[in-house]
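Hi,

Here is the structure I promised to pass on. Have a look at it first, and then read my notes below.

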Amino acid sequence: MSQLSARPEKPVVGASLPHESAYQHVTGTALYTDDLVQRTKGVLHAYPVQVMKAHGRITAIRTAAALEVPGVVRVLTGADVPGVNDAGMKHDEPLFPDEVMFHGHAVAWVLGETLEAARLGAAAVEVDLDELPSVITLQEAIAAESFHGARPVMVTGDVEAGFADSAHVFTGEFQFSDQEHFYLETHAALAQIDEAGQVFIQSSTQHPSETQEIVAHVLGLSSHEVTVQCLRMGGGFGGKEMQPHGFAAVAALGAKLTGRPVRVRLNRTQDLTMSGKRHGFHAQWRIGFDAEGRIQALDATLTSDGGWSLDLSEPVTARALCHIDNTYWIPNARVAGRIAKTNKVSNTAFRGFGGPQGMLVIEDIMGRCAPLLGLDPTELRERNFYREGHCTPYGQKVTQPERIGAVWQQVKDSARFADRQREIAAFNAAHPHTKRGLALTGIKFGISFNLTAFNQGGALVLIYKDGSVLINHGGTEMGQGLHTKMLQVAATTLGIPLHKVRLAPTRTDKVPNTSATAASSGADLNGAAVKNACEQLRERLLQVAATQLGTNASDVRIVEGVARGLGSDKELAWDDLVRTAYFQRVQLSAAGFYRTEGLHWDAKAFQGSPFKYFSYGAAAAEVEVDGFTGAYRIRRVDIVHDVGDSLSPMIDIGQVEGGFVQGAGWLTLEDMRWDTGEGPQRGRLLTQAASTYKLPSFSEMPEEFHVTLMENATEEGAVYGSKAVGEPPLMLAFSVREALRQAAAAFGPGGVSVELASPATPEAVYWAVETARSERAVGSDGSDGSTRLNGVNGTAGMVGSGGTDGRLRGDTAALSGA
């Protein structure tokens with residue numbers, strides 16, 4: 001076993017512990033960025049001047065009326081920026097724009113003694129605009145060829161030869177929705193200037209180092225003049241990886257110009273209308289299967305909705321391409337990606353970072369094609385699993401492919417899958433107006449940042465004379481339990497009780513040049529860095545202990561805060577050991593570092609090994625659908641998930657449960673709507689609050705929810721044998737959508753292929769039920785039982801003897817053709 005993955009005697013990692021801030025969370029004593037305003041004197045409040053048009057060129061901004069509002073101190077505009085007027089890394093996101101690019105774009109900010117004064121001042125600012133044509137939907141962008149950024153193409157094998165060898169070929173389209181992060185804490189920043197003119201910013205950010213970098217270039221400063229701290233976030237989910245930078249820069253600019261602390265906190269409507277979402281996608285595809293239902297070829301184009309600027313759209317789209325295979329071997333593939341430029345908010349990272357979008361495409365294909373191939377969807381999926389020696393379409397060998405089948409079979413067994421399929425068939429036969437569905441889906445998710453340089457982490461660990469330990473690391477806490485795991489890693493490595501260790505807030509002046517807490521890599525990168533720092537300290541202390549115990553350093557073990565020599569009864573308590581080390585002038589602080597090895601990625605060729613390893617999981621979901629309304633409930637969910645050897649099982653199970661529910665929300669509930677008409681409100685987000693944007697709640701939770709972590713799953717080369725857990729569980733929710741598809745299909749004849757919108761809202765499920773019912777009606781007329789699938793998601797059809805009219809035929813004999 002590798003040094004990084006091996007666990008010592010009596011480790012603290014692996015223990016089921018509550019979140020380190022759980023008590024503060026539930027008692028309300030945990031501080032978040034905006035709570036610090038009440039502890040800061042003389043704070044000014046910033047309020048945005050939003051222009052409620054989708055696109056237009058600014059011809060004038062008049063601020064005089066705002067300055068006459070009592071309590072207004074200053075109006076910030078582009079003329080006030082001493083450095084670079086840009087809030088992004090691509091220099092395509094002007095902080096104070098001269099062109100409005102989406103409905104609600106902030107073009108200036110008003111600073112007031114109170115939030116109400118700032119709000120009234122913002123309302124008094126006058127903006128003249130020459131309106132320009134706007135592109136709102138993906139269809140409009142594709143038709144207008146409105147694209148920006150890279151257009152990668154992933155190729156493997158011989159695609160046309162693969163189609164020529166296919167017994168069945170299908171084509172189709174699929175469009176699915178974006179998703180709002182809806183973190184409990186909206187974007188917030190508090191900036192202050194010290195007596196030397198240095199900037200200190202409290203920010204709700206997943207990427208303090210990049211927030212620091214953006215603020216520095218906006219203010220025309222060097223990074224060492226700007227310090228960013230993140231206490232904790234009330235949720236992030238990727239929405240606070242890139243988007244906090246501009247809000248922090250506004251606060252910092254205001255503080256620099258006024259000499260007073262400045263607070264930016266968006267209210268919920270502002271957050272919804274000004275910040276980016278998960279990218280919605282459009283997919284056009286063609287797939288070929290052999291006579292046994294094994295994939296022979298895939299040709300697809302994925303178009304992501306990037307919004308008005310690039311943000312992280314390029315790596316999101318790249319990751320979607322890298323995950324279109326999911327758990328399936330595709331020997332011949334050509335998958336193209338492109339980014340639509342639309343007049344909407346700039347879409348950004350969201351849990352899974354493009355992976356869910358790519359995986360959803362192939363899972364939708366499998367669910368739609370299985371009935372047409374005469375196969376149970378579970379069987380079709382199993383037949384196409386990766387096996388030993390297989391490589392992904394981008395050229396990376398699939399490691400541990402046996403785990404795909406292992407978690408799959410464990411779910412089948414624990415969920416009584418075959419028995420319940422029979423029970424559901426009997427229930428459906430007896431209930432004409434209510435049907436149930438049971439679906440099983442798996443996941444394979446690559447762990448690491450696609451950009452190799454981001455795969456590094458740092459830490460600073462301090463031991464004080466009294467034996468207490470303070471950890472600083474580059475990761476941020478957004479409720480996911482990263483800090484809890486880091487405390488466990490440090491205590492395990494040093495061999496001391498957990499209560500001896502405390503964790504400091506994440507700050508750029510303690511650990512520099514950190515990567516975002518994203519890509520599910522927080523524990524991998526920062527945990528290895530913390531372990532590295534603690535190992536340096538432990539090695540120094542072992543030398544001291546060996547002298548005191550009269551043995552060799554290699555024979556000393558520190559366990560539960562006591563140093564002992566092998567084969568000896570002599571002991572040295574941790575506190576005494578540290579005190580002795582201090583008087584011997586042994587350094588009691590260490591900087592740790594970790595870089596993920598073995599990564600390679602050629603973005604131009606779209607080939608390489610961008611991921612350290614793959615995480616696996618499987619989920620079975622059972623649903624019940626009302627045929628009159630399309631309303632449904634999730635009766636039961638069974639999950640087996642691979643987290644390696646868990647660092648903190650309670651935390652990890654919580655992450656699996658939370659990720660699954662968030663994924664189910666994206667796929668079944670969260671229906672973002674925009675005004676696409678030609679009226680004055682074109683481009684307006686219509687779902688601006690929880691009253692119009694449906695979020696998962698207790699009523700949407702599975703009535704039975706069983707989560708099991710895969711056992712004996714050590715990951716060599718990862719910190720204490722663990723695996724990432726943040727993002728992969730979200731995709732387990734594919735099982736819910738596929739179960740809904742099967743329940744809707746049960747209202748029709750056998751072998752019917754049902755198209756299902758995403759999100760599969762009750763309305764969408766109702767129309768899927770109606771489609772299935774129409775199949776039964778058509779079949780009873782003595783016709784061929786074929787159906788045209790013209791739902792929200794577009795059409796699907798078979799290429800070959802069945803024609804190209806967008807019809808999916810239920811007779812598998814009619815499906816042969818090239």
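**What I found**

In helix α18, the residues that come out as buried are Phe734, Ser735, Val736, Arg737, Glu738, Ala739, Leu740, Arg741, Ala743, Ala744 and Ala745. That is 11 of its 12 residues, so "mostly covered" is a fair description, with buried meaning under 20% relative accessible area. Before going on, keep in mind that this is a predicted model.

The length of α18 checks out too. It runs over residues 734-745, and at 1.5 Å a residue those 12 residues should span 16 Å; the end C-alpha atoms are 17 Å apart, which agrees.

What packs against α18? One partner is helix α10 (residues 355-369), at an angle of about 25 degrees and with the two axes 11 Å apart. Because angles under 35 degrees count as roughly parallel, that is what α10 is to α18. The crossing of the two helices is right-handed. On the α10 side, the contact is made by Pro356, Met359, Leu360, Glu363, Asp364, Gly367 and Arg368. On the α18 side, Phe734, Arg737, Glu738 and Arg741 take part. Sorted by type, the residues of this contact are 4 nonpolar, 1 polar and 6 charged.

**A second helix pair**

Now compare helix α15 (residues 522-549) and helix α16 (residues 574-583). They pack at an angle of about 100 degrees, and their axes are 10 Å apart. That makes α15 roughly perpendicular to α16, since the range for that label is 65 to 115 degrees. From α15 the contact uses Leu541, Val544, Ala545 and Gln548, and from α16 it uses Trp574, Leu577, Thr580 and Ala581. Here the split is 6 nonpolar, 2 polar and no charged.

**Helix α6**

Is α6 enclosed or open? Largely enclosed by the rest of the structure, because 11 of its 12 residues are buried. Those are Pro208, Ser209, Glu210, Thr211, Gln212, Ile214, Val215, Ala216, His217, Val218 and Leu219. The elements they pack against are β10 (199-203), β11 (226-230), α7 (244-258) and β20 (506-507). For the length, the 12 residues of α6 (208-219) should span 16 Å at 1.5 Å a residue, and the end C-alpha atoms are 16 Å apart, which agrees. Just after the helix, Gly220 takes a positive phi of about 70 degrees.

**Two single residues**

Gln192 lies in strand β9 (residues 188-193). With a relative accessibility of 26%, Gln192 counts as partly exposed, because that class lies between the 20% limit for buried and the 50% limit for exposed. Leaving aside residues up to four places away in sequence, Gln192 touches Thr40, Gln198, Val199, Phe200, Ala255 and Pro261. Its C-alpha atom is also 6.8 Å from that of Val262, although the two residues are 70 residues apart along the chain.

Pro70 is in the loop between α2 (64-67) and β3 (72-76). At 70% relative accessibility, Pro70 counts as exposed, since the cut-off is over 50%. Pro261, one of the residues that Gln192 touches, is 191 residues from Pro70 along the chain, and the C-alpha atoms of Pro70 and Pro261 are separated by 19 Å.

Happy to go through any of this with you.

Cheers

How values were computed
Residues are numbered from 1 along each chain as its sequence is written. This is a predicted model: local features need pLDDT of at least 70, side-chain atom pairs count only at pLDDT 80 or more; totals for chains, interfaces and linings use all residues. Side-chain values use heavy atoms; hydrogens and water are left out. Helices (H or I, at least four residues) and strands (E, at least two) are DSSP runs, numbered from the N terminus. The expected span of a helix is 1.5 Å times one less than its number of residues. Buried means under 20% relative accessible area, exposed over 50%, partly exposed in between (1.4 Å probe, protein chains only). Axes are lines fitted to C-alpha atoms, for helices over the stretch in contact, and angles run from 0 to 180 degrees between N-to-C directions. Angles under 35 degrees count as roughly parallel, over 145 as roughly antiparallel, 65 to 115 as roughly perpendicular and the rest as oblique. A crossing is left-handed if the near helix is turned anticlockwise from the far one by less than a right angle, and right-handed if clockwise. Contact means heavy atoms within 4.5 Å. Ala, Val, Leu, Ile, Met, Phe, Trp, Tyr, Cys and Pro count as nonpolar, Asp, Glu, Lys and Arg as charged, and the others, Gly among them, as polar.
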